[in-house]
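User: Please take a close look at a single part of this structure, namely the strand pairing toward the end of the sequence, and set it in the context of the rest. I would like a careful, connected account.

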Amino acid sequence: MLHTTIGNIGHLFIILSFVASLISTFGYFKSVQTTDLLEQASWKRFSRFAFYIHGAAVIGIISVLYTIIYKHYFEYHYAWSHSSKALPVYYIISCFWEGQEGSFLLWIFWHAVLGIVLINTNKHWEAPVMAIFGAVQVFLCSMILGVVLPVIDLKIGSSPFLLMREAMPDLPVWAMKPDFVPEDGNGLNPLLQNYWMVIHPPTLFLGFATTLIPFAYAIAGLWRKEFSSWIRPALPWALVSALVLGVGIIMGGYWAYETLNFGGYWNWDPVENASFVPWLVLVAAIHCMIIYKNNEAALRTSYILVIATFVLVLYSTFLNRSGILGEASVHSFTDLGLSGQLLIYMLFFLFVAIVLLVIRWKDIPSDEKEVSTYSREFWIFMGATTLCLSSFQIIAATSLPVYNKIVEGLGFVSKLAPPADAPTYYSKFQLWFGVGIAIFSGIGQSFWWRKIKKETLSKHLLTPLLLSLILTFVAIFFTTKAQVGDFFGTPTYIILLFAGIFSIITNGAILLDIFKGNYKLSGGAVTHIGVAMMLLGILFSSGYSKVVSINNSGFAISEKDEAFTKDNDKENKENVILWLNTPSEMSDYTLTYKGVRVEGRELPEYLHPKQVELIENDFHAVALEDIVQQGKKYYSAGDTLPVFPENKFYEIDFRDKEGKITTLFPRFQINKKMGNAPSPALKHTIGGDLYTYVALAPNLEEKEWSKTENFTVALKDTFFLNDYVAVLDQVKRVDTYEGKPLGPNDAAVQATIKVMGKDFRPYEVNPIFVIKEGLVAMPAIENDEIGVRAKFTNIDPKTGQFGFAINTTQRDFIILKAIQKPLINLLWLGTLVLIVGFVMAIIRRYREFKLMRDKGF
Amino acid sequence: MKKTHIIGLIIIAIAVAILVSTGTEASTYVDFSVAENMAKTGDKDQVHVVGKLKKDATGNIQDLVYNPTLDANHLEFMLIDNNGREQKVVYNAPKPQDMGRAEQMVIIGNMDGNVFKCEKILLKCPSKYQDGKVEFKEAKPEKQS
């Protein structure tokens with residue numbers, strides 16, 4: 001049975017939301033344009049109603065899509081491609097935004113919510129602001145409209161309510177069976193099955209959505225020629241936006257740090273960059289909005305930056321969703337054929353904003369007098385300029401694939417590729433912008449609060465300067481002593497270290513002063529301290545991240561190629577081999593790889609593979625024994641339990657010099673959607689993280705066994721097993737087989753073969769020969785530690801000799817990479833401080849706005 | 001000249017420097033012959049080469065050398081670029097797990113003598129969405145109870 005009705009309802013809601021937003025935009029537009037007060041009010045009431053209808057329709061779309069995913073209606077392409085029956089309920093919400101349509105929907109949803117909040121908090125600006133909101137919603141709804149215009153045969157948008165047969169009409173199955181329903185979905189990418197992916201996308205999209213508010217106010221200000229009064233209501237929202245977008249970006253970084261194996265939280269991937277650039281510009285805009293009262297020159301800049309922020313959000317959307325990044329990014333969306341529509345969306349608002357700005361430019365009040373170097377505005381301007389240059393550098397390099405397309409569009413050939421080593425390339429510039437931001441934030445804050453004049457300059461700035469210099473040398477001394485990093489190897493790092501410390505000291509001193517007066521004003525100082533801490537955290541954790549898994553095994557590398565032997569001698573061997581149950585040394589630790597583990601869905605600890613048998617093509621396993629964890633019995637033998645079959649965890653013991661053992665479980669994921677993916681395990685300490693991941697696990701695939709070799713040996717005979725010396729130690733009678741006692745007519749003998757492994761470590765293989773109910777059984781016994789499979793094949797009572805059939809294989813091992821990330825906690829702590837600072841600033845600015853609004857300004 | 005003008009000029013200078021560096025430091029997509037010529041002229045810039053692994057008729061990878069027990073950080077393979085030229089590539093890191101499945105790959109590095117020294121490998125794995133090759137079973141009718 002196809003559930004076609006529900007999809008039709010969903011599609012109807014989409015069309016309704018589209019039409020309602022169109023009507024609302026038109027109504028609000030009329031309300032701004034008319035001068036008649038009564039007419040204004042009536043248009044406003046009408047459009048407000050239309051916007052509420054739009055909001056209700058959006059909720060309707062979301063409910064319908066959620067129902068389709070939740071109820072596993074796999075006749076719908078969206079449910080089929082983004083979810084599956086195996087998906088735990090708490091991740092179903094993530095299916096929503098895995099696809100483009102769903103993430104557009106999330107964006108539309110936030111705009112609808114924010115629009116309703118604005119309608120109810122600011123009547124004065126309602127009409128022009130909501131006209132912009134409505135227009136944006138029209139464009140966004142058109143992305144999921146999924147309507148084909150007749151006559152010109154133009155498809156507008158891609159609906160999330162497409163049936164399988166509509167989305168993939170070429171499949172042969174439709175000819176035979178038009179109402180075919182797939183049994184199961186393709187599933188949510190297992191890499192996204194992570195709690196961060198439940199909260200990161202909504203946060204990021206709320207961040208994107210909130211950038212619309214200052215933009216809408218700015219346009220409204222230009223439109224109604226109220227050139228400066230828009231800033232007061234827009235400022236708290238700009239701060240909210242910077243907070244939410246910033247937190248969303250950091251969340252994404254933390255997810256990447258925990259889940260992906262590129263070794264860090266930021267990879268300068270175009271998708272990451274595209275969300276970071278609008279944030280930088282937004283922060284610059286906020287600074288200009290704060291100083292416009294004292295310096296009207298900042299007003300024009302505020303306009304430009306607020307508009308740029310919003311347009312850059314649209315540009316980032318275009319980059320991520322149009323498929324233009326192609327090979328340049330690992331995580332952009334697949335192309336839905338919306339690039340044209342996205343381009344029109346971006347260009348429309350860019351065009352409207354620029355035209356309006358040009359028309360009104362002359363009327364915007366501005367200050368022509370020279371800004372004094374001893375004024376606070378000057379230093380804040382410098383800070384904002386640094387932020388803009390920083391964002392300019394990032395976007396200029398991120399847009400390389402766009403230049404190729406433009407040049408190709410003009411009929412030439414361009415084969416520019418992204419910088420080969422993105423982190424080094426970007427850091428080279430961004431390091432200096434970081435220095436600038438830290439220094440200017442310190443000086444700017446001092447000027448802001450201390451009324452510094454030419455004569456008092458040294459009095460105010462000399463002490464922090466000297467103190468910072470001293471602390472910088474202390475920091476260098478201790479980091480060198482603790483062997484965290486060698487500052488003299490890269491002297492530029494000293495400058496960033498100094499800048500960060502200087503910023504913390506100056507802002508800290510100001511914070512102390514403000515706290516004595518009115519702590520509510522200290523948001524700025526707190527935020528800047530947070531930023532400086534983050535910069536220092538990034539400096540240490542990335543600048544001095546150190547690979548500690550150095551291969552000291554002493555094996556000669558490729559001796560075939562002379563050109564390479566000389567290079568290879570210099571090459572860092574940055575991965576270690578860990579043999580199963582064989583301790584080996586790495587940096588300050590002794591490592592022991594203890595084997596693969598299975599992840600149960602409802603268990604506190606991992607399972608030993610011998611405890612369960614996985615059911616193929618399913619997410620369940622059968623317990624082979626009672627499963628008891630942390631003193632509680634979870635399952636009895638024979639029970640079925642849910643597992644994550646795609647995840648393999650490798651248990652590794654890290655024993656430090658004091659003998660303390662930490663067990664880490666780096667993960668390896670057999671990811672059908674995007675290829676296998678290793679995820680790191682982190683050992684957190686106050687001084688930093690030890691970041692480890694399995695670079696290669698060769699035994700993931702079927703083991704390859706050697707040809708069977710037959711041995712006939714007597715007791716205490718020695719022979720060679722997989723290149724190791726082995727001794728048949730004893731053969732004795734046993735009374736049980738496979739855990740069950742044997743019957744009166746049955747018999748079993750078990751051999752003990754002792755093997756001298758690597759470094760003279762002893763291992764045992766115990767093959768068994770069984771006669772049960774008249775039948776002979778000789779099960780193959782495996783030992784992964786030495787890579788041997790043995791069968792007890794024969795007993796010859798006459799000669800006293802025993803026969804064994806042996807196969808050998810590669811011993812079980814993994815290849816591990818481990819990286820030290822010193823002082824990374826400074827980055828996360830700085831983030832928290834930044835959040836606190838932003839929240840304080842938001843509260844302050846919102847109070848100011850409310851006070852003035854209620855007074856009728 | 002006013003101070004703001006000087007600052008403005010400095011900003012423009014930085015912006016121009018950024019643009020120039022973006023243009024000059026960007027890598028390029030090339031084939032092996034170009035990479036070889038670059039190496040001969042002493043150009044040490046890293047380049048991107050798009051190509052396919054050398055495979056036999058049955059799809060087995062040919063001439064791939066990887067012996068993790070000897071050295072886990074040494075991989076050699078043959079890549080065929082879009083012009084059909086075969087080239088030995090050396091990668092001093094563990095073998096990417098999915099290498100065999102990749103239909104196309106991008107290697108980043110430069111030529112060094114007779115071999116291409118590769119610093120980074122990007123794999124393009126066939127996606128389930130492409131080619132209309134969809135594997136799925138039909139839902140069984142639910143039992144009436």
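Analyst: Two strands are taken to pair here if DSSP finds at least two bridges between them. The model is a predicted one, and the part to follow is the run of strand 27, strand 28 and strand 29 of chain A, beginning with strand 27 (residues 781-783) and strand 28 (residues 788-796), which run antiparallel and are joined by three bridges. Within this pairing, Glu782(A) has Arg789(A) of strand 28 as its bridge partner. Four residues lie between the two strands of this hairpin, where Gly787(A) takes a positive phi near 70°.

Strand 28 of chain A also pairs with strand 29 (residues 801-808), again in an antiparallel manner, and here eight bridges make the connection. Arg789(A), already met as the partner of Glu782(A), has Asn807(A) as its bridge partner in strand 29, so that one can follow a path from Glu782(A) through Arg789(A) to Asn807(A) across the three strands. This second hairpin likewise has four residues between its strands, and Gly800(A) takes a positive phi near 70° there. When looking at side chains along such elements, it helps to recall that in a regular strand they alternate between the two faces of the sheet.

As for the context, chain A has 22 helices and 30 strands, and its C-alpha atoms fill a box of roughly 115 × 75 × 60 Å along the principal axes. Of its 857 residues, 46% are buried, and among the contacts with a separation of 6 or more, 68% are between residues 24 or more positions apart.

The other end of the sequence offers a helical counterpart for the eye. Helix 1 (residues 4-33) of chain A packs on helix 2 of chain A at an angle of about 160°, with the axes 7 Å apart, which makes the two helices roughly antiparallel. Their crossing is left-handed, and the contact between them has 19 nonpolar, 11 polar and two charged residues. Beyond helix 2 (37-70), in the loop that leads to helix 3 (77-82), sits Phe74(A), which counts as buried because it has 25 C-beta neighbours inside 10 Å, the cut-off being 20 or more. From C-alpha to C-alpha, Phe74(A) is 9.3 Å from Leu2(A), although 72 residues separate them in sequence.

How values were computed:
Residues are numbered from 1 along each chain as its sequence is written. Chains are lettered from A and ligands numbered from 1 in the order in which they are written. This is a predicted model: local features need pLDDT of at least 70, side-chain atom pairs count only at pLDDT 80 or more; totals for chains, interfaces and linings use all residues. A residue is buried if 20 or more other C-beta atoms lie within 10 Å of its own, exposed if 12 or fewer, and partly exposed in between; C-beta atoms are placed from the backbone. Two residues are in contact if their C-beta atoms, placed from the backbone, lie within 7 Å. Axes are lines fitted to C-alpha atoms, for helices over the stretch in contact, and angles run from 0 to 180 degrees between N-to-C directions. Angles under 35 degrees count as roughly parallel, over 145 as roughly antiparallel, 65 to 115 as roughly perpendicular and the rest as oblique. A crossing is left-handed if the near helix is turned anticlockwise from the far one by less than a right angle, and right-handed if clockwise. Ala, Val, Leu, Ile, Met, Phe, Trp, Tyr, Cys and Pro count as nonpolar, Asp, Glu, Lys and Arg as charged, and the others, Gly among them, as polar.
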